[in-house]
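Here are some worked exercises to try with the model open in your viewer. Have a go at each task before reading its solution.

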Amino acid sequence: MTMNTNCLHSSLAQGHVSLGGSTTHRSSLALQERRTVKSRRTLASVRCQAASTETEQATPADALLHNASSKAERFDGRAFRRGLGKTGRYIRNPINDKDSLALMETHGVGYSTTGLVAQMRESGNLWQFKDITVKLANAYGYCWGVERAVQMAYEAKKAYPGQKLYVTNEIIHNPAVNQRLKEMDIEIIEDKTGTGKDFDPVQEGDVVILPAFGASVSEMRLLSDRKVQLVDTTCPWVSKVWNAVDNQSRKAHTSIIHGKYSHEETVATASFATTYLVVRDIAEAEYVADYIANGGSKAEFLDKFKNSVSAGFDPDTDLERLGLANQTTMLRDETLQIGKLVEKTMMEKYGPAELKDRYMVMDTICDATQTRQSAVYELTASQDQADKKVDMMIVVGGFNSSNTSHLQEIPELRSVPSYWVNSAACIDVDSNKVMHKSAHGDMNETKNWIPDGPLVIGVTSGASTPDRAVEDVLDKVFQIRDPSYAGVPPRLEPAVPAKPEE
């Protein structure tokens, strides 16, 4: 058995590979969500591949972001989206079709109800195999919005037999799930050449699925004009952020969006704003705060944020009234820190009496993001106590998943060895090697990553990661310890999933 080397090859192309090292990672969470269907079919065959979305470059996505915002200036984006429901060609809720849910279970793209993860939940999120102890985070994996999006895509495939189906981007950031959709002849409209998405093949009467992180106003308008059947799987938490920036625009406030400017969700969010500035982290926010307080070079400012601002942005006039929003997958604590910084800066510049007219904020931090991050903080909080510490973390999730990268950040910041893998294909059982990614995008190959002797492993997974992907990874970990390991027998009766907060 040899490890799939697509991880290595993809990373060499980006110049980000180191060999023989290990990693360490940061994030915040604690909420139980619905765990419905289970898969028996392995996802380990999905390629272990690095994605480049986390490395922000000036791409056509940025042009789309600018274009979407300029279009939003000319019409009411929120009213337009609401009006889609009156066309007779717009669906925005799942129907809980039993056949579709059963197929999700067969394909392994849902919740585990009989497998290892389901059994771990019933055992206090613990599992013992020989001298390896696995501690599963209290909140992990699929969130309600992601499960809802995948379910709606499966339901659309059944509801429109014989019709051409598209999705305007990856439905979620998970390679196994997206591969399943392709196998079901649902075409993903991707920017494969670096020149932007090609919507030309989409014709009247086709079915187009909008992914969990949404689509820009300009994309929705184009598709509506083309009279397609729209299946909108946008997560309601993302829609909440859109409403926030729309409210800010209505009050002539510039939206400060904590996010990654080329991320699909941020592109969509910015399209609902009239004027916006995207800041990736607290360092960029501090630069903006200093400009507000003390002024500076406009040319330098615009060059620094050339890919992150609305068309015609003027830092001398567009930073006088501000609102805060965030990409839902960003680090919760950093969003809060940025909000406090902006509020303090505006109060010091304009005085407490004017603050309510100069700064507005609405809580748009996703509950699922919070609980998953908090669970990793909790799992790595007792490293100074021998009976509670974890020796390493395994983070499972798509390499282009923003929320997974922030789960990886937490143990890195706490100097806990951590291995972020996008599937079991990243693990070579025979040679005890793993290809893994750091929170900042570097790919690494680590040898002898599962050492001899007693070992405590903390495990979590991103909000776009089905339970089966975690089970496949743990199967390989246990096979390293004992090559005769053949998996955990499934429960005879499916576990009853916890009801999620919706």
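**Exercise 1: helix H11 and its surroundings**

Work out what the buried residues of H11 pack against. The buried residues of H11 pack against S10, helix H12 (298-304), strand S11 (322-326) and helix H13 (332-350).

Before going on, some ground rules: this is a predicted model, where local features need pLDDT of at least 70, side-chain atom pairs count only at pLDDT 80 or more, and totals for chains, interfaces and linings use all residues. Residues are numbered from 1 along each chain as its sequence is written, and side-chain values use heavy atoms, with hydrogens and water left out.

Helices (H or I, at least four residues) and strands (E, at least two) are DSSP runs, numbered from the N terminus. Contact means heavy atoms within 4.5 Å. Buried means under 20% relative accessible area, exposed over 50%, and partly exposed in between (1.4 Å probe, protein chains only).

Now step by step:
- Find the helix: H11 covers residues 282-294, and its 13 residues reach 18 Å from first C-alpha to last, close to the 18 Å expected at 1.5 Å a residue. That expected span is 1.5 Å times one less than the number of residues.
- Pick out the buried residues: Ile282, Ala285, Val288, Ala289, Tyr291 and Ile292.
- Check the ends: Asp281 caps the N-terminal end, with a side-chain oxygen 3.2 Å from the backbone nitrogen of Ala283. After H11 comes Gly295, with a positive phi near 75°.

**Exercise 2: the four-stranded sheet**

Find the order of the strands in the open sheet of four, and say which ones stand at the edges.

- The order is S10-S9-S11-S12, with parallel pairing. Two strands pair if DSSP finds at least two bridges between them.
- S10 and strand S12 (359-361) stand at the edges with a single partner strand each, so one side of each has no neighbour in the sheet.
- Neighbouring strands here are turned by 25° against each other on average, direction ignored.
- Zoom in on one pair: three bridges join S11 to S12, and the bridge partner of Leu324 in S12 is Val361.
- Now add the helices: H9 (residues 236-250) lies across strand S9 (254-258), S11 and S12, at about 170° to S11. H11 packs on the sheet too, touching S10 and S11, and its direction makes about 135° with that of S10. Axes are lines fitted to C-alpha atoms, for helices over the stretch in contact, and angles run from 0 to 180 degrees between N-to-C directions.

**Exercise 3: Thr275**

Is Thr275 buried or exposed, and which residues does it touch?

- Thr275 sits in the loop between helix H10 (264-270) and strand S10 (276-279).
- Its relative accessible area is 18%, so Thr275 is buried.
- Skipping neighbours within four places in sequence, Thr275 is in contact with His253, Thr254, Ser255, Ser310, Phe313 and Asp318.

**Exercise 4: the nonpolar cores**

Which residues have the most contacts inside the largest nonpolar core?

- A nonpolar core is a set of buried Ala, Val, Leu, Ile, Met, Phe, Trp, Tyr and Cys residues joined through side-chain atoms within 4.5 Å.
- The largest has 60 residues, and Ile171 and Ile209 have the most contacts inside it.
- Helix H6 (residues 144-159) gives the most to this core, with seven residues.
- A second, separate core of 47 residues includes Ala375, Leu379, Met392 and Val396.
- Ala375 and Leu379 are among the buried residues of H15.

Note on methods: A polar contact is a pair of N or O atoms within 3.5 Å; within protein, one must be able to donate a hydrogen and the other to accept it, and residues adjacent in sequence count only if both atoms are side-chain atoms.
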